[in-house]
Amino acid sequence: ASATRSPPAGAAGAEPDSGGASPRPPMSSKSSRSPPPAAGAAVVGSPESPPKTSSSPPPPPASVESRLAWIRARALTNSHWVGTAAMGDAPEFPVDADLNLRGAPGVVVADASAIPRVPNGNVHSTVLVFAEKAAA
């Protein structure tokens, strides 16, 4: 006793469509967008978001709950990761103007981590300039 299945509508051997309503509604022309931020969440660039400064950031809060809230308010996704070892003149920057890692003699940082701010375009050409400077 084997079960017999009928082929789906439109498939070879299927019965012709009876001309009734389409089984699926037409696709919407609306583009898919991210949902709006949750109530009370800061939006980057909004008056409620933390201001961006060129100085080093303050230390995160002590409690786990407030630390998570601090991270959620300031974290961004970005495809151009830069600044994890930012170059700068002040002692709080880990890399000096000659791309030397402070406190580690002989270590030179010649990648996107030394770029202090996200550039407007792709970081590739900036990394090439840093690499050329490091090689000189």
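The largest nonpolar core has 10 residues: Val82, Ala85, Val95, Leu99, Val109, Ala112, Ala114, Ile115, Val123 and Phe130. A nonpolar core is a set of buried Ala, Val, Leu, Ile, Met, Phe, Trp, Tyr and Cys residues joined through side-chain atoms within 4.5 Å. Buried means under 20% relative accessible area, exposed over 50% and partly exposed in between (1.4 Å probe, protein chains only).

The model is predicted: local features need pLDDT of at least 70, side-chain atom pairs count only at pLDDT 80 or more, and totals for chains, interfaces and linings use all residues. Residues are numbered from 1 along each chain as its sequence is written, and side-chain values use heavy atoms, with hydrogens and water left out.

The protein chain has two helices and zero strands; these are DSSP runs (helices H or I, at least four residues; strands E, at least two), numbered from the N terminus. Of its 136 residues, 13% are buried.

Two residues differ in setting, as the table shows.

| Residue | Location | Relative accessible area |
|---|---|---|
| Val64 | helix H1 (residues 64-74) | 59%, exposed |
| Ala112 | loop between H1 and helix H2 (124-135) | 14%, buried |

Contacts (heavy atoms within 4.5 Å) place Ala112 against Trp81, Val82, Gly83, Val123 and Val127, leaving aside neighbours within four places in sequence. With residues up to four places away likewise not counted, Val123 touches His80, Val82, Ala112 and Ile115. The C-alpha atoms of Ala112 and His124 are 8.3 Å apart, with their positions 12 residues apart along the chain counted as the separation.
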